[in-house]
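Okay, thanks for coming, everyone. I'll put the structure up and then walk you through a few spots in it.

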Amino acid sequence: MVGKSDKDSNSGGGDKAEMVEMFLKIGLEEKTAKNTIANNKVTANLLAVIQEAEVTDGCDRTVGNLLYTVATKFPANALVHRPTLLKYIVSSKIKTPAQLEAAFAFLAAIAGENLKANEFEDACGVGVEVSAEDINLAVNEVFEEKKSMILEQRYRTNVGELFGHIRKKQPWADPKIVKQLVDAKLVELLGARTAADDEKPIKKKKEKPVKDKVSAEETPPLKPSDEEVNPYAIFPSPEENLKVHTEIYFSDGRVLRPCNSKEILDKHLKTTGGKVWTRFPPEPNGYLHIGHAKAMFVDFGLAKERGGSCYLRYDDTNPEAEKKEYINHIEEIVGWMGWEPFKITYTSDYFQELYELAVELIRRGHAYVDHQTPEEIKEYREKKMNSPWRDRPIEESLRLFDEMKRGMIEEGKATLRMKQDMQSDNFNMYDLIAYRIKFTPHPHAGDKWCIYPSYDYAHCIVDSLENITHSLCSLEFETRRASYYWLLDALGLYLPYVWEYSRLNLTNTVMSKRKLNRLVTDKWVDGWDDPRLMTLAGLRRRGVTPTAINAFVRGIGITRSDSSLIRLDRLEYHIREELNKTAARAMVVLNPLKVVITNLEAGSVMDLDAKKWPDADDASSMYKVPFSKVVYIERSDFRMKDSKDYYGLAPGKSVLLRYAFPIKCTEVILVDDKESVLEIRAEYDPSKKTKPKGVLHWVAESTPGVDPLKVEVRLFDKLFLSENPAELDDWLGDLNPQSRIVIPDAYAVSALQNAAVGDKFQFERLGYFVVDQDSTSEKIIFNRTVTLRDSYSKGGK
């Protein structure tokens, strides 16, 4: 096949380094610029946009970001109007994302029809300048309209809802100014946040449950996006798989456009019944992490949504790295995440077919036995040089490959390489290795084989043999798409539809298996299920539910956008949403301070009702807490000096003990240093006429002179101090020394004495906790899952 030259076909032409430099000039982050280069379509679009906008010498970042959005989201049916839109952007007549989205909607509606400038400008707010005074007026109006609600809900007010009302009044207002004014107005109206604001609200029965809230600094959409309603709508149906999968450009000017023939597709559809068949293909060389949760959501979720099937396939092509422990873990964790495989398979199940197809590949002149060392292969690839053995006779390669299979050639002395294109601009076409020699027994296949296929050779073939309709993977595999289709085309096999999505990267953690393995092996953490790790086993031990993880993944979406860091507090939001509904309430005091109730008779114990579930009032929603002469409060809830913004206990001050009585501090007993507090003397108000503002959790002696239930509490925090430790040279030096704090002698209400491993609770005012597997009959151990609210710094993605 003849097509345009490789140079001309390269996304607008030009050297990749030059294109990255051009993208940096328009203000893109270096990582975004480099990731863009990996996507030929976006690269071509962005280069065209830069040319049309006449900003090849650069522009400011605000304009550049808008240009990037045009390159990725401009409606395809209105390309004729793109130059016009770019003029508006470069001249700063359109300068906000809201204006740009309005422009897209307008242009998509008129498509190729004539553009009427006045209507276009009205639709996207061109020339509309919204002053700070105008924004302030809109904020004041909304606060006045919603004043009673805000006063009732205080700092629990859904700020996103306020944003929505303000946006209706001033759609072109600067969101940063809106945010500043809203925050200031809340403080002006409500005053400083109080301890009472930390209490969970009692939900109104008439109030409809909100499926997905947003944090205070986010502006919610007026309605759910199509992707939120159905994130799988982007995928084509199996019968559409006749189209060109991807164009593969060769350095000699040929263009390969691999696609399924009608005969091949019909045979495939007959096997699958026209249903979607996907696969989740983990390598059994480590524990699964939260990035795999997204892969499961995509693979299993698409199959389930379309009424199809998903394989769990172990990508076990490297016997040196695989363990039965990992295989067992993967199967267990897939089930825990709520997914049921259609069938469990192994790449090693297909070793015979893979070998026979390798022989056929040699026969067709598309593979050869090579004797270069790994170092030589690397050097030759860097210099785009063919191997000295590339053109050896087919019969010779067949003989040598057979000798490799029979163990007649030493390990490292020969490989089978695919004969692709050493001059290609895609390094994944540089004669990739198909087979290598390893005299290592295989965990699943035993000692039958001493040659093993590579991922690049086996993955696409097994996809084809298993009749996978949609081969889904993360974006770093996009450059391998050419190799994927080249091999299947060379063998005349069925071609699945390939689609890549952005991988999941979280702040304050590492996701690479190599780094995770280092943390575990060098004992920086306590195993693969350490609650500080973002492994799914670690999250489970920390008390995170699969429902919360899947909700988090759904919220992120499965787009092909740049894989930027997702803030950890976004995951924590979904965790809180889930546990708020499912975790029973209880009271635990982490750092106990003794309080003696002087006006309560010695030996007197009152059993009071406390709520396990805040929204219910029936007997089953209650548990008993003893109130006696000695109670314990948090040491941090007492100060020697009172202040207006402090709602804890102080000398001469009263607080309310939750579910019990008001108490007033009458005396403070100090230790010998005259500074440290030993205990507090207080009087309680049995009439409850005192109405203090502060509300404290507490635990009491259930029997005079006997300590309350003693438990161990482990407080977990983010594992790394930096948001992106993976980018640091000394990433281990960034470990958070406070990521795990053990409190061995906390006091708990007696209702927790029968708590079982895995039981989840909300410790009032402290956070959500789960019973850890290290618990014994002598002592229960609790892991903190998450605090009651975000404790990390705001901002970021």
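**A buried glutamate and its surroundings**

So, start at E322: a polar atom of its side chain lies 3.3 Å from the backbone nitrogen of T317. The same side chain reaches the backbone nitrogen of N318 at 2.8 Å. I'm calling these polar contacts, meaning N or O pairs within 3.5 Å; within protein, one atom must be able to donate a hydrogen and the other to accept it, and residues adjacent in sequence count only if both atoms are side-chain atoms.

Quick housekeeping: this is a predicted model, so local features need pLDDT of at least 70 and side-chain atom pairs count only at pLDDT 80 or more, while totals for chains, interfaces and linings use all residues. Residues are numbered from 1 along each chain as its sequence is written, and side-chain values use heavy atoms, with hydrogens and water left out.

Back to E322. You'll find it in the loop between β4 (309-314) and α16 (324-336). Helices (H or I, at least four residues) and strands (E, at least two) are DSSP runs, numbered from the N terminus. Not counting residues up to four places away in sequence, E322 touches P284, D315, D316, T317, H442 and P443, where a contact is heavy atoms within 4.5 Å.

Which side chain of opposite charge is nearest to E322? That's R436, 7.0 Å away, and E322 is buried yet has no salt bridge. For charges, Lys and Arg count as positive and Asp and Glu as negative, with His and the chain ends not counted. A salt bridge needs a side-chain nitrogen of Lys or Arg within 4 Å of a carboxyl oxygen of Asp or Glu. Buried is under 20% relative accessible area, exposed is over 50%, and partly exposed is in between (1.4 Å probe, protein chains only).

**Salt bridges elsewhere**

The structure holds 48 salt bridges. Take K34 and E30, which meet at 3.1 Å, N to O. They sit 4 residues apart in helix α3 (residues 30-37), so about one helical turn separates them. K34 is partly exposed at 48% relative accessible area, and E30 is partly exposed too, at 46%.

Another pair is E240 with K243, closest N and O atoms 3.4 Å apart. Here E240 is partly exposed at 35%, whereas K243 is exposed at 53%.

Then there's E679 with R681, at 2.7 Å between the closest N and O atoms. E679 is buried, with 12% relative accessible area, and R681 counts as partly exposed at 27%.

If you like networks, D529, R541, E712, R714, D772 and D774 are linked in one made of salt bridges.

**Cavities**

How many cavities of 30 Å³ or more does a search of the whole structure find? It finds 3, and the largest has a volume of about 140 Å³. Of the 13 residues lining that largest cavity, Y455, H459, F477, R480 and Y484 are the closest to its centre. A cavity here is a set of points, on a 1 Å grid over the protein atoms alone, where a 1.4 Å probe fits but cannot get out, and lining residues have an atom within 4 Å of a point. Grid points are joined across faces, edges and corners, and the volume is the space filled by probe spheres set on the points.

The largest share of that lining, 4 residues, comes from α20.

**The whole chain**

Zooming out, the chain has 25 helices and 29 strands, and 50% of its 797 residues are buried.

Key: 1 Å grid on protein atoms, 1.4 Å probe; cavity = no way out; pocket = protein on both sides within 12 Å on 5 of 7 lines; lining within 4 Å.
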